[in-house]
Amino acid sequence: MKRRLGHFLVRVGAIAAKEVLHIRRDPRTLYMALVMPVLMLLLFGFGVSFDMDHIPLAVADRDGTRASRELVDAFVAPGEFALARRAGPEEAGDLFRRGRALALLVVPRDYERDLSRGAGPRLQLLVDGADPVTANQILAKADAIVRSVGLARARRAGLSAEPPLQVKVYTLYNPEARSAEYLVPGLAAYLMAIAAVLLTALTVAGEWERGSMEQLFASPVGRLDIILGKLLPYLGLGILQLLLVVGVGTAVFDVPIQGSPLAVFAFGFLFLIGMLGQGLLISVVTKNQLVATQAGALSALLPSMLLSGMLFPLENMPLALRVLSYVVPARYLVRGLRGVMLKGNGLGVLWPDLLAMAILALAILAVATGRFKRRLA
Amino acid sequence: MIGGRRPGLARVQFAATVRKEVLQTVRDRRVMFMLVAAPLIQTILFGFAVDFDVDRIPTVVADRDRSPESREHLRRLLADGTLRRTAVAGDAAEAERLIDRWDAAAAVVLPPGFGADLAAGRPAEVQVVLDGSDPNRSNVAAGAVSRYFGEVAESMMRDRLERQGLPSPALPTVAPRLWYNPSLRTAPFMVPGILSMLLVIVTTIVTAMGLSREREVGTLEQVMVTPIQPLWLLAAKMTPFVFIGLFDVLLVTTAGSWIFDIPLRGSLLVLFAGTLVYLLSTLGVGLLISTVSSNQQQSFLAGFLFALPAILLSGVMTPIGAMPAWLQAVTYLNPLRYFAEAARAILLKGAGFADVWFQLVALLAFGLAILGLAAARFHKRMA
């Protein structure tokens, strides 16, 4: 028994060594697989933000009085908006189509006179709604600016404007709302999915494409050994990527690990096992690298990004997608990593996620090895 | 003329190779399925899953006042659906524990005596506790609570001034008018972006892997010994993808307008022109990648190494204006940026050649440069 296990390990090790040799002989694969996490994390960490300032604003000041200039100043002086140009409302279409301005503010004639007479003047704000996030920001910012201008005038006129009711906001876990803390778990899921599903699917499909799989089968090495041997190096690569993402995240962006690092590892490991199974299944079914890429992108990369809660909250989605998300392993990984790293959750809270990942991983491995054996019988 | 001794002969060779490539691509049903069905699946997934307008945020409510007023305020706060009550807690500490355990992402705590304080004009305080692990969602939750109680505070202030016999202050108001996308839906914003991502996946990665495959199998060398000029061969290999790209554009815009009710305001001709110049870049990058990779696996990785940052820096997901200045400068080197801008302006805003000429010229320039560089490298490697 012990000797058989020893032989088994030797054979698996031999295949794994062959695959490692392939990778090492042409290390570009390795470089790219390791550069990708770092590059993506840096770009995401520095580049991804929805908060825009200096929003280009065109202004049509029909009043031209001190009060109207004060109002326009309140828009552009704090840096929320930047004065793109003076333009009439009839030019809005041109400006929006060419991206020269995202909003156009029209201050009506008699703005100052209306204010001093106690009538509330109406400002017109034309907004380019093509980008809903930015448009919402424009609406909220304009509303706040106009309100504060009005309240400042009321205070100067001696009308007290002390709000009797206050809202105090406490933010847990990521109080500065930094995108790196939010993105590291999701990014880890996405990058591990690339390594585990696609790289394995490609390497195994490649053996079939070139016909070398049949040669391997003719050798004394068992089929299970071949599979394990091919998958092992990519398990290592995936773990390396996880360490890189988490390492760069904590070192460069101060992303905390509140919980146990061992739990991070456990989540990553289970996720990788399932993803390797999926990669194997895809390669067995397609036996063609080009088709395997597309199948992997559709079945692993897209769901890992869209249906994991990595970027967009799941509870916001239509019911069908929410249901579908329960079979996406990345959903549990993102939740688990966020729980461990940001919230300091332990297994007491997260065991259902680990269990779900284990069940999904076992299921896909069973299907994949089943297909693999049948394919050869 | 590229290299042909007799232009007539070159044209015949080119036509024959195009026919062979088209046949080869169309014959492989699975590849065709992937080139046609995959874009459709992506469009539908993106269209339904991506929604920047966050609502249904799971919220735990701690009403420590338990008065009719506090219940009424909570009811009205939750009425618009941005926050959804998923749990009830006795106090702030319990609410925090519930957030810790993922039972809620936000908590609203009304203090004891809240209703009585408000009625008597004494200052009162509402506490909001947020799960900040998703900053966008916590912003929306905080905004919803602040907006509701801000309005309550303002109407109370007016009432008080009125009771004291003072005039309400004349406050200016904003009357917004939203162009192009009046209900601010996310899908009309996303679909033009999907187009630019999709064409990279379909053309760049597929071309790079296709050429690497020929190198792996050795068929490229076989064709090289035939009399056709290498550059004509390349052009012939890329021709099917130009048509697939144009077809995918048509497919995605049609699906977008049927399923997501996206307005098609601009001319299809301008969009096609934009797609053609954009394809020069995406195909060029694919070719370039194939010249630096030794197998399909590497081509795939390199394709992703190009595509992911390019998508991130294109303004498809987050506005370019929100990036730091140095990254904004980098986006000017990104063909995806120009195509995403142009596609959005054409489809949503009805832009014509006069509006997007800059983007089209930039795409043409990038396309010719990248394609030229890639062809030179390819030529050298083949020679």
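Which residue in S4(B) is the bridge partner of Tyr170(A)? Select Tyr170(A) and look across to chain B: the partner is Val129(B). The model is predicted, and this tour starts from that pair and works outwards.

**Stop 1: the strand pair across the chains**

Select strand S5 of chain A, residues 165-172, along with S4(B). The two run parallel and are joined over eight bridges. Add Thr171(A) to the selection; opposite this residue, in S4(B), stands Leu130(B).

**Stop 2: the sheet that begins with S5(A)**

Extend the selection to the whole sheet. It is open and has five strands, in the order S5(A)-S4(B)-S3(B)-S1(B)-S2(B), with mixed pairing. The edges are taken by S5 of chain A and by strand S2 (83-88) of chain B; each has a single partner strand, so one side of each is left without a neighbour in the sheet. On average, and ignoring direction, neighbouring strands here are turned by 30° against each other.

Now show the helices that lie across this sheet. Start with H4(B), which lies across S5 of chain A and across strand S1 (57-63), S2, strand S3 (106-110) and S4 of chain B. The direction of H4(B) is at about 20° to S4(B). Then select H6(B), which lies across S5 of chain A and S1, S2, S3 and S4 of chain B. H6(B) runs at about 170° to S5(A).

**Stop 3: the sheet that ends with S5(B)**

Move to the other five-stranded sheet listed here. Its order is S2(A)-S1(A)-S3(A)-S4(A)-S5(B); this sheet is also open, with mixed pairing. Strand S2 (81-86) of chain A and S5 of chain B are at the edges, and because each has a single partner strand, one side of each lacks a neighbour in the sheet. From one strand to the next the twist averages 30°.

Within this sheet, select strand S1 (residues 55-61) and strand S3 (residues 103-107) of chain A. They pair in the parallel sense over five bridges. One place to look is Ala58(A), whose bridge partner in S3(A) is Leu104(A). Helix H3 (residues 66-76) of chain A packs on the sheet and touches S1, S2 and S3 of chain A. The direction of H3 makes about 175° with that of S1(A).

**Stop 4: two helices of chain A**

Select helix H9 of chain A, residues 223-253. This helix has 31 residues and reaches 44 Å from its first C-alpha to its last, close to the 45 Å expected at 1.5 Å a residue. Just after H9(A) comes Asp254(A), with a positive phi of about 60°.

Add helix H7 of chain A, residues 179-210. H7(A) and H9(A) pack with their axes 9 Å apart, at an angle of about 160°. That angle makes the two helices roughly antiparallel, and H7(A) passes H9(A) in a right-handed crossing. Residues on the H7(A) side include Val184(A), Leu191(A), Ala195(A) and Leu199(A); among those they meet in H9(A) are Tyr234(A), Gly238(A), Leu242(A) and Phe253(A). The residues of this contact comprise 17 nonpolar, five polar and one charged.

**Stop 5: the side of chain B that touches chain A**

Finish by colouring the contact between the chains, where 103 residues of chain B meet 96 residues of chain A. Elements of chain B that each supply at least two residues to this side include helix H2 (29-49), strand S4 (124-131), helix H7 (187-217) and helix H13 (335-349). Which element gives the most? H6(B) does, with 14 residues. By class, this side of chain B has 65 nonpolar, 19 polar and 19 charged residues.

Technical notes:
Residues are numbered from 1 along each chain as its sequence is written. Chains are lettered from A and ligands numbered from 1 in the order in which they are written. This is a predicted model: local features need pLDDT of at least 70, side-chain atom pairs count only at pLDDT 80 or more; totals for chains, interfaces and linings use all residues. Two residues are in contact if their C-beta atoms, placed from the backbone, lie within 7 Å. Helices (H or I, at least four residues) and strands (E, at least two) are DSSP runs, numbered from the N terminus. Ala, Val, Leu, Ile, Met, Phe, Trp, Tyr, Cys and Pro count as nonpolar, Asp, Glu, Lys and Arg as charged, and the others, Gly among them, as polar. Two strands pair if DSSP finds at least two bridges between them. The expected span of a helix is 1.5 Å times one less than its number of residues. Axes are lines fitted to C-alpha atoms, for helices over the stretch in contact, and angles run from 0 to 180 degrees between N-to-C directions. Angles under 35 degrees count as roughly parallel, over 145 as roughly antiparallel, 65 to 115 as roughly perpendicular and the rest as oblique. A crossing is left-handed if the near helix is turned anticlockwise from the far one by less than a right angle, and right-handed if clockwise.
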